[in-house]
Structures are given as structure tokens and as C-alpha cells.
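Colleague: I'd like to learn how to read helix packing in a model like this one. Can you walk me through it?

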Amino acid sequence: MKKLSLTAVSVCAFFVLATTASAGWNTCVACHNGTMAPNKEKLKENNKTAESFVKAAQATQNPMMKSIQKDEKALKEVANEIGLK
Ligand code: HEC
């Protein structure tokens with residue numbers, strides 16, 4: 001895992017807290033921008049199915065994914081939203 005600036009982490013933490021109610025790829029993109037975490041294209045490259053996408057999300061040890069991992073339904077919705085079946 002690359003070193004992250006503290007500012008970026010707190011901005012993201014705030015973002016997650018502020019947006020957990022309305023899920024969707026928009027909630028992920030603050031971190032999944034290709035710098036901090038893999039972007040949409042990369043995620044689709046690594047995961048060919050929605051199931052694999054959800055599993056990958058739940059398997060990551062990164063603390064920034066903690067609040068998201070619990071919401072399997074939201075993860076599935078995002079998987080479908082970015083074009084995975
Ligand atoms: C607060 C920042 C943050 C947010 C918001 C966030 N993620 Fe992540 N996510 C990460 C980080 C950091 C990783 C670990 C990346 C790594 O290990 O290279 C990760 C990993 C993942 C992985 C596993 C990637 C792989 O191929 O192993 C998936 C899938 C994923 N996130 C999906 C999502 C989805 C879907 C959302 C929105 C509902 C989301 N993430 C929101 C930070 C975030």
C-alpha cells in the first residue's frame with residue numbers, strides 16, 4: 001500500500017461518513033480515482049463478475065473499506081452500475 005497523505009485520508013473518511021446513506025459509484029470515486037485506490041477500469045479488469053467484485057471489496061484489509069464492506073447490497077449495486085453482471 002502506498003503512503004497516503006493524512007489530508008487525503010481525512011477527506012475520504014469524512015466523505016464516507018457523509019455519504020454512506022446514498023450508495024453508488026459516486027461514493028467510491030473519491031478514493032477509487034486510480035491514485036489512492038484502483039479506478040473503475042482497473043476494478044473491472046481485476047473482477048469479471050459482480051460476485052468477484054463484492055468478494056474483492058470484502059477481502060481487502062484496508063481500513064478505508066471497513067464501513068463499505070458491511071453493505072453487501074450496496075457493493076452489488078455498484079458492481080451492476082459499473083457494468084458487471
Ligand atoms: C475511503 C476511501 C474508499 C472508499 C470511499 C471506497 N474505497 Fe474501495 N478501496 C479503498 C482502498 C484504499 C482499497 C485497497 C486498494 C489496494 O489494496 O490497492 C480499496 C479496495 C477496494 C476493492 C478491492 C480491489 C481489488 O481488486 O482488490 C473493491 C472491489 C472496492 N474497494 C470497492 C469499493 C466500492 C464499490 C466502493 C463504494 C461503495 C468503495 N470501494 C469505496 C478505499 C476506498
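Modeller: Sure, let's start with burial. A residue is buried if 20 or more other C-beta atoms lie within 10 Å of its own. Keep in mind that this is a predicted model. Of the 85 residues of the protein, 13% count as buried.

Colleague: What pattern does the protein follow along the sequence?

Modeller: The pattern reads α-α-α-α-α-α, so to speak a plain list: 6 helices and 0 strands.

Colleague: Which residues make up the largest nonpolar core?

Modeller: That core has 11 residues: C28, C31, A37, L43, F53, V54, A57, I68, L75, V78 and A79. At least two of these residues come from α4 (50-59), and at least two from α6 (72-81).

Colleague: How do I describe two packed helices?

Modeller: You give the angle between their axes and the distance between the axes. Here, α4 and α6 pack at about 130°, and their axes are 9 Å apart.

Colleague: Why are α4 and α6 called oblique to each other?

Modeller: Angles over 145 degrees count as roughly antiparallel and 65 to 115 as roughly perpendicular. The angle of about 130° falls in neither range, so α4 and α6 are oblique to each other. Their crossing is right-handed.

Colleague: Which residues of α4 and α6 meet?

Modeller: On the α4 side you have A50, F53, V54 and A57, and they meet E72, L75, K76, A79 and N80 of α6. Sorted by class, this contact has 6 nonpolar, 1 polar and 2 charged residues.

Colleague: What share of the contacts between residues at least 6 apart in sequence joins residues at least 24 apart?

Modeller: That share is 56% in this protein.

Terms used: Residues numbered from 1 in each chain as written. Predicted model: local features only at pLDDT ≥ 70, side-chain atom pairs only at ≥ 80, totals over all residues. Helix = DSSP H or I, 4+ residues; strand = E, 2+ residues; numbered from the N terminus. Buried ≥ 20, exposed ≤ 12 C-beta atoms within 10 Å, placed from the backbone. Contact = placed C-beta atoms within 7 Å. Core = buried A, V, L, I, M, F, W, Y, C linked by C-beta atoms within 7 Å. Axes fitted to C-alpha atoms, helices over the stretch in contact; angles between N-to-C directions. Parallel < 35°, antiparallel > 145°, perpendicular 65-115°, else oblique. Left-handed = near helix turned anticlockwise from the far one by under 90°. Nonpolar A, V, L, I, M, F, W, Y, C, P; charged D, E, K, R; others polar.
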